[in-house]
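Visitor: I'm new to this one, and a whole chain is a lot to take in. Please pick a single part and show me around it up close.

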Amino acid sequence: MLDTAASPSSSPSNQPGFRWQRADLLMALGIMLLALVIYTRVLAPDMLYGDSGEFQTLAYEGGMTHTTGYPVYLLFARLVGFLPVGTLAWRINFASAVAAAITLGNLYLITRHFTGRGGSLFASFALLISYTFWSQSIIAEVYTPALAVISLLLLLLLRWQAVTRRVWLLFLSGVILTLGVGVHLFVLLFAPSIGLFVLWGIVTGLPPERGQWKNLLVLAAGAVAGLLAFYALFAFYDSRPTPTSIFDTTMYPSRDAWHLTEADLDSLPERFWLSVTGYQWRDRMLPNDVDYGKTITIFFRTDLAREFATPTLWLAVFGLPSAAFSRRRLFALTGSALVVTYAAGLVYFPGDKYLFYLPFYLLLALFAGIGAGTLLSGIARFMPKVIPRFVPAMIVTGILLALCAAPYFPSRWHSLELGRSGFITEDYVYPVSRGSEPRAAAECALSKTPEAHAFLVMDWRALFDIYYLARVEGRRPEILIREALPYPTKVVTASLLAEIDQRLASGQAAG
């Protein structure tokens, strides 16, 4: 049922003792299954270019990925990769669909702490059909797994706050906060909001939470445990005897590009620091060559329109003050995170900048759901008592879903009919209309490499497609590949040229 009237069975609470009902858990499970079916239907069919090709290769081959390092993601993807369906590459794409489904189910349960079932359903639906979330749910990438970690983190915190005696939930939240950095660094953006949330309960919360300064220590202890686990997993992948590691393909060969020496890369702590701090991409944080006013204008005029329909955005605007007045502490957690995640996306300028707004979109969908739930609750108060509460809730929820889906429904439905997401325009990683292209191109390139122990220097986009065929599928495991022009280089570096000369002198075939 989608009733939103204030009752013990359907209304949310941020007071200790709030419990989901069985209907909530079944609804969340239903959302997960529906999302998994949808995204699996349009899943990328095989190998992909760029970072996705890297993840498809390293999930099986081992070795460390590009900065900021994703060992926890690699472990998750590898576990999904054991499923006996599809190609090996397809299974790593499927891991993103699984993570997306988990995120949407978690989002429903998170929103239930603010509002009724209708609004919670709306929040999940709004994110499900949004452009960027959809596009990252069908390829091998870290973004939906990172959102799954974030949504789980928020869910644990809300459950801990609702049942304050379960301190282990707070400890586990700390673990996931830092361990989640091994999925994506933007999980760490939630740290200030989490600290504020715990501190709020210590200062102004209800007994037995008020005055419990040890809660901060529990959270910190969990964070330390998660960081140690992250470091151990990084060390494991870093120690794998494979030439596919980012340090073998890029960082060490082209070390001159970042003014690094051999000594800067010869120990595990140094490689960990270079990786986790995104050494290669630091100059894209707060760059001087950017018009921030123009960036903000483009975001609000163009980017948001691609993600959410206008009614959804207005519901989010309505949901912000509704949450602030009715759930102040929960709003402090999610509202402050909304500001931080937008600011982080605003000041970072990699080539795929649009992806770094995804945590902001997750929270925006949450507030849109709160706005929808508040509207439903208000309408229910004016309904005659002879009408069951769930009837107007279902009708109005259906209307809201239709209004917010209208601009996107034709393209999404057509995609489901075709089995591929034709509305996605970015094709650097996944050429949607040419799904077999990455494999065909890699097959062609591999067939033209010398039969001897080949040494290749090539562009990042296709590098791991060759490695995938050569090592994961066992075609040519002796091949070695280096990235030719890693960012920010514009010419082949002296250190890479020296390696090329050395291998040519030793008689190794190069290309």
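Guide: Let's begin with a word we'll need a lot: a residue is buried if its relative accessible area is under 20%, exposed if over 50%, and partly exposed in between, using a 1.4 Å probe and protein chains only. By that rule arginine 19 is partly exposed, with a relative accessible area of 46%. Before we go on, bear in mind that this is a predicted model, where local features need pLDDT of at least 70 and side-chain atom pairs count only at pLDDT 80 or more, while totals for chains, interfaces and linings use all residues. Residues are numbered from 1 along each chain as its sequence is written, and side-chain values use heavy atoms, leaving out hydrogens and water.

Arginine 19 was just a warm-up, sitting in the segment before α1 (22-41). Helix names like that one come from DSSP runs numbered from the N terminus (H or I, at least four residues, for helices; E, at least two, for strands). The part I'd like to linger on is where α13 meets α16.

Let's come at it through the aromatic rings. Rings of Phe, Tyr and Trp (its six-membered ring) pair if their centres lie within 6.5 Å; planes under 30 degrees apart are stacked, over 60 edge-to-face, and the rest tilted. That rule gives 32 aromatic pairs. Take phenylalanine 236 and tyrosine 237: their ring centres are 5.2 Å apart and their planes are at 75°, so they are edge-to-face. Phenylalanine 236 is partly exposed at 43% relative accessibility, whereas tyrosine 237 is buried at 6%.

Now for our spot: phenylalanine 299 and tyrosine 357 make a tilted pair, 4.4 Å centre to centre with 40° between the planes. Phenylalanine 299 belongs to helix α13 (residues 292-307) and tyrosine 357 to the loop between α15 (328-347) and α16 (358-381), so this pair ties together parts 58 residues apart in sequence. Both rings are tucked away: phenylalanine 299 is buried at 0% relative accessible area, and tyrosine 357 is buried at 2%. They also have company, in an aromatic cluster made of Phe299, Phe300, Phe308, Tyr342, Tyr357, Phe360 and Tyr361.

Next, the helices themselves. Two packed helices are described by the angle between their axes and the distance between the axes. Here, α13 and α16 pack at about 70°, with axes 12 Å apart. Those axes are lines fitted to C-alpha atoms, for helices over the stretch in contact, and the angles run from 0 to 180 degrees between N-to-C directions. So α13 and α16 are roughly perpendicular, the word for 65 to 115 degrees; under 35 is roughly parallel, over 145 roughly antiparallel, and the rest oblique. Their crossing is right-handed, meaning the near helix is turned clockwise from the far one by less than a right angle; anticlockwise would be left-handed.

Which residues do the touching? Counting heavy atoms within 4.5 Å as contact, Phe299, Asp303, Leu304 and Glu307 in α13 meet Phe360, Tyr361 and Leu364 in α16. Notice phenylalanine 299 again: part of the tilted pair, part of the cluster and part of this helix contact.
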